[in-house]
Amino acid sequence: MTSGRGRARPSPIFEQALAPLIEPGYLRIVYGGAEIGAYAAEHRLVDEVHITGSIQAHEAIVWGPAGPERARRKATGDPPLNKPITSELGNVSPWVIVPGPYSERQLSFQAENLAASVINNASFNCVASKLVVTCRDWSDRAKFLDMVEAVLRRTPPRTAYYPGAGERYARFANSSNEEAPTNPSDGTLPWSLARDVNPDCQPHWFREESFAPVFAETALDADSPEQFLDRAVDFCNDRVWGTLGATLVVHPTTRRAAEASGQWERAIARLRYGTVGINHWSALAYAVMCTPWGGYPGGTLAEPESGIGWVHNTYMLDGVEKTVFEGPLTVWPKPLWFPMHRTAHLLAPRVVELYRQPAV
């Protein structure tokens, strides 16, 4: 089914928002499953293809159905879809918290910040936080995780609308000895945090994206914030799947010390992610639209990691390695995407109006 006039059903939100492009015929939105997608990708009028979804979807579109023929094509570099292909394929998105002298207010804000990155869109985001990386000897570790879980308890569960979410939830949540309903009668799944997960004993938390409202916390041993920063960078690069986005939370005092030695710049440079968010969810770089968004450079059709190429990039920058998006530890007013925001319905129209006509 394609977009157009005169349909009986209400227009989806994207058709409403993009009506100025749809009405004159510049844009068409097509609805359907794998068959429709395959038809569109292979159509002679389509010059380039951009894929968003899972690594499994990428493999099927680029190399064909699983089996000996796919293996042969990959081995010989002979994809059946012989067109320029870019992609964005998700991530086991890490949220790294560097130890520091955080105040109660800073901890509370960051707990809601982290929870929001899990709760948004019922956790069905390519960059929803799936792994919290902490320092084992951080004095506020347990307190911070308690704060995160308190936000989750106060937030009603969302409809788990994405196919297979119940089964994936059960597999991940059961690995932490929790009850995991696979067919909830109301269509929701509870938020679930598994603490102190060992990557050697439960590697799927680190190598597979659950795409369900579950996430894990793991702790690294370190004698100082500086040592933790270095070890966290290595851990995310080497043990965690994906290269799309990572979030790094750091106290100003800790950051200044790392900057003085040059360690801070080295750490940001060494992180192999297309976007690094500092003190804020890396997804915000996607939301602002103008910055490049995509997996860290180096992905190929055979080994795409989190994808190939960039989207957005309003200023058409060449040779991009990564986007670094940063802000303070706390902000006011409370961000619109925080799940416990009581006046988001009042603030959101004003933010949109500001975008439409910035103050001068």
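Does T291 count as buried or exposed, and at what relative accessibility? Keep that in mind while you get oriented; the tour comes back to it. One caution before you start clicking: this is a predicted model.

**Stop 1: the seven-stranded sheet**

Start by colouring the strands. Seven of them make up an open sheet, and reading across it you pass β5-β6-β4-β3-β7-β8-β12, with parallel pairing. Select 192–194 for β5 and 323–326 for β12: these are the edge strands, and each of them pairs on one side only. Turn the view to look across the sheet, and you'll find neighbouring strands turned against each other by 20° on average, ignoring direction.

**Stop 2: β7 against β8**

Now zoom in on residues 245–249, which are β7, and residues 275–278, which are β8. The two run parallel and are joined by four bridges. Two pairs are worth labelling here: A246 stands opposite V276, and T247 has G277 as its bridge partner in β8.

Stay on A246 for a moment. This β7 residue has a relative accessible area of 3%, so it is buried. Draw a distance from its C-alpha to that of W281: the two residues are 35 apart along the chain, yet the C-alpha atoms are separated by 7.9 Å.

**Stop 3: both faces of β8, then on to β12**

Show side chains along β8. Which way do they go? T275 and G277 point one way, V276 and I278 the other. All four are buried, whichever way they point.

On its other pairing, β8 is joined to β12 by four bridges, and these two strands run parallel as well. Label T275 and T323 to see one of the facing pairs, with T323 on the β12 side.

**Stop 4: the loops on either side of β12**

Step back along the chain from β12 into the loop that follows β11 (311–312), and pick M316. Its phi is near 55°, a positive value in a residue that isn't glycine. M316 has a relative accessible area of 69%, so it is exposed.

Then go to the loop between β12 and α14 (344–356), where P333 sits. Check the peptide bond from W332 to P333: it is cis, with omega near 0°.

**Stop 5: the loop after β5**

Jump to the other edge strand, β5, and select D196 in the loop between β5 and α9 (204–207). Here is another positive phi in a residue other than glycine, this one near 50°. At 41% relative accessibility, D196 counts as partly exposed.

**Stop 6: the three-stranded sheet**

Next, hide the seven-stranded sheet and bring up β1, β2 and β10. These three form an open sheet in the order β1-β2-β10, and the pairing is mixed. Which strands stand at the edges? They are β1 (49–52) and β10 (307–308); each has a single partner strand, so one side of each is left without a neighbour in the sheet.

The mixed pairing can be followed strand by strand. Between β1 and β2 there are four bridges, and the strands run parallel; label H50 and T86 to see residues that stand opposite each other. Between β2 (residues 85–88) and β10 there are two bridges, and the strands run antiparallel. Here S87 stands opposite I308, and E88 stands opposite G307. If you want to display backbone hydrogen bonds at this point, strands of a sheet pair through them in either arrangement, parallel or antiparallel.

**Stop 7: the second largest pocket**

Move towards the start of the chain and select Y26, L27, R28, V30, I36, Y39, A40, H43 and V46, which line the second largest pocket. The volume of this pocket is about 260 Å³. By residue class, the lining divides into seven nonpolar, one polar and one charged.

**Stop 8: back to T291**

Finish where the tour began. Find T291 in the loop between α13 (283–287) and β9 (292–293). T291 counts as buried, because its relative accessibility is 17% and the cut-off for buried is under 20%. Now show the T291 side chain together with the backbone of A285: a polar atom of that side chain lies 2.8 Å from the backbone oxygen of A285.

Note on methods. Residues are numbered from 1 along each chain as its sequence is written. This is a predicted model: local features need pLDDT of at least 70, side-chain atom pairs count only at pLDDT 80 or more; totals for chains, interfaces and linings use all residues. Side-chain values use heavy atoms; hydrogens and water are left out. Two strands pair if DSSP finds at least two bridges between them. Axes are lines fitted to C-alpha atoms, for helices over the stretch in contact, and angles run from 0 to 180 degrees between N-to-C directions. On a 1 Å grid over the protein atoms alone, a cavity is a set of points where a 1.4 Å probe fits but cannot get out, and a pocket is an open set with protein on both sides within 12 Å along at least five of seven lines; lining residues have an atom within 4 Å of a point. Grid points are joined across faces, edges and corners, and a volume is the space filled by probe spheres set on the points. Ala, Val, Leu, Ile, Met, Phe, Trp, Tyr, Cys and Pro count as nonpolar, Asp, Glu, Lys and Arg as charged, and the others, Gly among them, as polar. Buried means under 20% relative accessible area, exposed over 50%, partly exposed in between (1.4 Å probe, protein chains only). A polar contact is a pair of N or O atoms within 3.5 Å; within protein, one must be able to donate a hydrogen and the other to accept it, and residues adjacent in sequence count only if both atoms are side-chain atoms.
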